[in-house]
Amino acid sequence: MDEARTELANMALAALSHNQILTSLDDDNSMLGKMCRRFIDIARLEALSEHNWLFATKLSTSGGLPTPGMGGGYMHYRTHDMLRIVSMHDAIAGIDSTTGLQWLAGTDGAMFTSSQSVIVRHIYPHNTPGAWPPLFKSAVSYRLAFHLALPVTKSVKAKSSMLEAFGDAIMRARSHDL
């Protein structure tokens, strides 16, 4: 797959003071390689959910379905790549309008607005580590280390330490995401 994923796994292992180095995450069939593959995408999605990252922001349009029983509003569906909604705008007013559109979250990914056609600014599940900012990579590696800590070190203290390191790293990454 990607050398950057192997680099993330090795960064996580180094944070845990583990001396094994993976040469290719995708080809490593050791227990360690399997655990890294199991948790790397979870760590990525958790870190992406922490902030409205500029590098992972995308615009999508949505045409709503009328909801006559709900006061004449419209129902839009959240797509699989809408990890986190940043803002919603009326398509006619445009994305540069001074205020976003008010909306309510429903069940099963439904979003209710007063506009039939909307532009949704959202965080998508950016899965190309080679294109991530360095501080975000660091944060993801600490989150991965958090998930690996107990199986690798058998230490609750190490797990707690990795969670704290992730918190610090995510704050640094946020402060540089301008």
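## Two sheets and a helical core

Three bridges connect β2 with β3, and the two strands run antiparallel. That pairing is a good place to enter this structure, which is a predicted model. From here we can walk through the first sheet, then the second, and then turn to the helices.

**The four-stranded sheet**

Strands β2 and β3 belong to an open sheet of four strands, ordered β2-β3-β6-β5, with antiparallel pairing. If you would like to find the register between β2 and β3 on your screen, look for Thr 67, whose bridge partner in β3 is Gly 73. Strand β3 spans residues 73-77 and is mostly covered, with four of its five residues buried.

On we go to β6, which is joined to β3 by four bridges and runs antiparallel to β3. Here Tyr 74 sits opposite Thr 113 of β6. Strand β6 covers residues 110-113, and two bridges link β6 to β5, again in antiparallel fashion. In this pair Leu 104 faces Phe 112 of β6.

Which strands form the edges of this sheet? They are β2 (65-67) and β5 (104-105), each of which pairs on one side only. As general background, strands of a sheet pair through backbone hydrogen bonds, either parallel or antiparallel.

**The three-stranded sheet**

A second open sheet has three strands in the order β1-β7-β4, and its pairing is antiparallel. Strands β1 (57-63) and β4 (84-90) are at the edges with a single partner strand each, so one side of each has no neighbour in the sheet. From one strand to the next, the twist averages 25 degrees.

Strand β7 (residues 117-123) is joined to β1 by seven bridges, and these two strands run antiparallel. One handy landmark is Ser 60, whose bridge partner in β7 is Val 120.

**How the helices pack**

Now for the helices. The table sets two helix pairs side by side.

| Helix pair | Angle between axes | Axis separation |
|---|---|---|
| α3 (residues 134-153) and α4 (residues 156-176) | about 170 degrees | 8 Å |
| α1 and α2 | roughly 105 degrees | within 10 Å |

How do α3 and α4 lie relative to each other, roughly parallel or roughly antiparallel? Angles over 145 degrees count as roughly antiparallel, and at about 170 degrees α3 and α4 are therefore roughly antiparallel. Their contact includes Leu 135, Phe 136, Tyr 142, Phe 146 and Leu 150 of α3, along with Met 162, Leu 163, Phe 166 and Ile 170 of α4. Sorted by class, the residues of this contact comprise 16 nonpolar, three polar and three charged.

The pair α1 and α2 is arranged in another way: these helices are roughly perpendicular to each other. From α1, the residues Arg 5, Leu 8, Ala 9 and Leu 13 meet Leu 32, Cys 36, Ile 40 and Asp 41 of α2. That contact has six nonpolar residues, no polar ones and two charged ones.

**The nonpolar cores**

Which residues touch the most other members of the largest nonpolar core? Among its 35 residues, they are Trp 53, Phe 136, Leu 144 and Leu 148. The helices α1 (3-15), α2 (31-48), α3 and α4 each contribute at least two residues to this core, and α3 gives the largest share, nine residues.

Leu 144 is a nice one to centre your view on. Not counting residues up to four places away in sequence, Leu 144 touches Leu 8, Ala 9, Ala 12, Cys 36, Phe 39, Ile 40 and Ala 43. Another core, of seven residues, lies apart from the largest one, and its members include Met 82, Ile 85, Met 88 and Val 120. You have already met Val 120 as the bridge partner of Ser 60.

**Two loop residues to look at**

Most residues other than glycine have a negative phi. Ser 17 has a positive phi of about 60 degrees although it is not a glycine. You will find Ser 17 in the loop between α1 and α2. Is Ser 17 buried or exposed? Exposed counts as over 50%, so at 68% relative accessibility Ser 17 is exposed.

Lys 154 also has a positive phi of about 60 degrees without being a glycine. Its place is in the loop between α3 and α4. With 66% relative accessibility, Lys 154 counts as exposed.

Definitions and conventions:
Residues are numbered from 1 along each chain as its sequence is written. This is a predicted model: local features need pLDDT of at least 70, side-chain atom pairs count only at pLDDT 80 or more; totals for chains, interfaces and linings use all residues. Side-chain values use heavy atoms; hydrogens and water are left out. Axes are lines fitted to C-alpha atoms, for helices over the stretch in contact, and angles run from 0 to 180 degrees between N-to-C directions. Angles under 35 degrees count as roughly parallel, over 145 as roughly antiparallel, 65 to 115 as roughly perpendicular and the rest as oblique. Contact means heavy atoms within 4.5 Å. Ala, Val, Leu, Ile, Met, Phe, Trp, Tyr, Cys and Pro count as nonpolar, Asp, Glu, Lys and Arg as charged, and the others, Gly among them, as polar. Two strands pair if DSSP finds at least two bridges between them. Buried means under 20% relative accessible area, exposed over 50%, partly exposed in between (1.4 Å probe, protein chains only). A nonpolar core is a set of buried Ala, Val, Leu, Ile, Met, Phe, Trp, Tyr and Cys residues joined through side-chain atoms within 4.5 Å.
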